[in-house]
Amino acid sequence: MTAPGQNLKIDGDRLWDSLMEMAKIGPGVAGGNNRQTLTDEDAEGRALFQSWCEAAGLSMGLDTMGNMFARREGTDPDALPVYVGSHLDTQPTGGKYDGVLGVLGGLEIIRTLNDLGIKTKHPIVVTNWTNEEGTRYAPAMLASGVFAGVHDQQWAYDRVDADGKKFGDELDRIGWKGDEPVGNRKMHAFFELHIEQGPILEAEGKDIGVVTHGQGLRWIECTVTGKESHTGSTPMHMRKNAGRGLARITELVHEIAMKNQPNAVGAIGQANVYPNSRNIIPGKAVFTIDFRSPDLDKLEGMVAELLEKAPALCEEIEVGFASEIVGQFNPPAFDETCVKAVRDAAERLGYSHMDIVSGAGHDACWINDVAPTAMVMCPCVDGLSHNEAEEISKDWATAGADVLMHAVVETAEIVE
């Protein structure tokens, strides 16, 4: 394969303008975005993306999970496509770049190739995966997981949000449920550009993260059951306080993660107590533990320790404990050839770079099971993400998209 020339670069101003235009849809209250999956705002963002794709001459495919596939034809009708993309959905208090950079960076590749009249042997397909965030419907990376055969589609359709609305019904309601069977597509390779969502690249002064591995993840939804009673009139020794169980397990999670350093992490990010009244001792607490590690044995060991110790901690204070794993994936090792294409692209373009492990889950983690896959990362300010204050620079976005384009175009093979 012929490597692209050093002068092949995207239009950074156009990419940035597209990011800012998309950010107008589902604005947050503090400068970020609230464009949760399968909401009206998600539908509006999808429509804008589709209009841009059609303007770039792409044909749009839509599968039964709502995954969007915008295709630029190659010169060889039998060559498998090179896929590139990420997701357009956000957290409830999300930033303007998480996921979106990877989708619009993929679109910018197409626009640049069109501008320069460059053809590739393999088709290139820009992808928007449905419900990567998992904030409204657990687990995260739901539609890419169905695509990769990890989840059953009907099981995904039956996921419910906090209001009891089913995923399948909401996908129908917003009008983005396609006819194409999910998972039927075959890929030559898949590349995903993403902000790091961590502080390493900025701290090290690197333009590009070459992602070699991802962290494995386990989401454990726990329910602690006590007894509702009056906070003022119930003697302390007679209380069965589910909130105490939550507090004890919160500390246990921290201790387990600290014992498994380096790289292991753990926290409770979502918690609810019931009935959530000022003068009622909680009778139930429901919360989700997030454990991650790039080492599978370490990850499974953390879960095992939790499930051994949490019931005993609850029994000591006379409350019940139950748990269910509601999200999981094992640590992925990305394809060496695709990773090399990313690393070589950074070298060729003169961008500083380093190998990195992704601390967050991404659609690429599932697609890695069914196609050669790699990721490109750019820094974000203070490593802050899943927050409306999430910020990157135009230069970082441009560098990431340049490297992405070189890796994609080299893999798709320029036709002279």
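1. In what order do the four strands of the open sheet stand, and is the pairing parallel or antiparallel? The order is β10-β12-β8-β13, and the pairing is antiparallel. Keep in mind that this is a predicted model. As background, strands of a sheet pair through backbone hydrogen bonds, either parallel or antiparallel.

2. Look at the edges of this four-strand sheet next. They are β10, residues 265-274, and β13, residues 320-329. Each of these edge strands pairs on one side only. On average, neighbouring strands here are turned by 15° against each other, direction ignored.

3. Now take one pair from that sheet. Strand β8 spans residues 216-225 and pairs with β13 over nine bridges, in the antiparallel sense. To find the register, start at Thr 225: Gly 320 in β13 stands opposite.

4. Two helices belong in this picture. Helix α8, residues 242-259, packs on the sheet and touches β8, β10, β12 (284-293) and β13. The direction of α8 makes about 175° with that of β10. Helix α9, residues 296-316, lies across β8, β10, β12 and β13. The angle between α9 and β12 is about 155°.

5. What does UniProt say about residues 215-312? An unreviewed entry annotates them as "domain: Peptidase M20 dimerisation". In the model, this span is 36% helix and 35% strand. Its end C-alpha atoms lie 29 Å apart.

6. There is also an open sheet of eight strands, with mixed pairing. Its order is β1-β2-β5-β3-β6-β15-β7-β14. The edge strands are β1 (59-62) and β14 (353-358), and each pairs on one side only. Neighbouring strands in the eight-strand sheet are turned by 30° against each other on average, again ignoring direction.

7. One pair in the eight-strand sheet is easy to trace. Strand β2 (residues 68-72) and strand β5 (residues 124-128) pair over five bridges, in the antiparallel sense. Phe 69 stands opposite Thr 127 in β5. Helix α3 lies across β2, β3, β5, β6 (189-195) and β15 (373-378). It runs at about 155° to β5.

8. Where does UniProt place the feature "binding site"? The unreviewed entry puts it at Asp 98, Glu 133 and His 386. These residues are spread over 289 residues of sequence, yet they cluster in space, with a largest C-alpha distance of 9.6 Å. Asp 98 sits in the loop between β3 (82-86) and α3 (100-116).

9. Check the second largest pocket too. It holds about 170 Å³ of space. Its lining includes Met 1, His 188, Lys 340, Asp 344 and Glu 410. The elements giving two or more residues to the lining are α10 (336-349) and α12 (394-412). Of the elements, α10 gives the most, with five residues. The lining residues divide into five nonpolar, three polar and three charged.

10. Some backbone details deserve a look. The peptide bond from Ala 138 to Pro 139 is cis, with omega near 5°. Pro 139 lies in the loop between β5 and α4 (142-147). Tyr 274 and Pro 275 are also joined by a cis peptide bond, with omega about 5°. Pro 275 is in the loop between β10 and β11 (280-281).

11. Last, which residue other than glycine has a phi near 65°? Leu 38 does, and that value is positive. Find Leu 38 in the loop between α1 (12-23) and α2 (40-55).

Technical notes. Residues are numbered from 1 along each chain as its sequence is written. This is a predicted model: local features need pLDDT of at least 70, side-chain atom pairs count only at pLDDT 80 or more; totals for chains, interfaces and linings use all residues. Side-chain values use heavy atoms; hydrogens and water are left out. Two strands pair if DSSP finds at least two bridges between them. Axes are lines fitted to C-alpha atoms, for helices over the stretch in contact, and angles run from 0 to 180 degrees between N-to-C directions. Contact means heavy atoms within 4.5 Å. On a 1 Å grid over the protein atoms alone, a cavity is a set of points where a 1.4 Å probe fits but cannot get out, and a pocket is an open set with protein on both sides within 12 Å along at least five of seven lines; lining residues have an atom within 4 Å of a point. Grid points are joined across faces, edges and corners, and a volume is the space filled by probe spheres set on the points. Ala, Val, Leu, Ile, Met, Phe, Trp, Tyr, Cys and Pro count as nonpolar, Asp, Glu, Lys and Arg as charged, and the others, Gly among them, as polar. UniProt positions are given in the numbering used here, feature names are shortened, and annotations may be inferred rather than shown by experiment.
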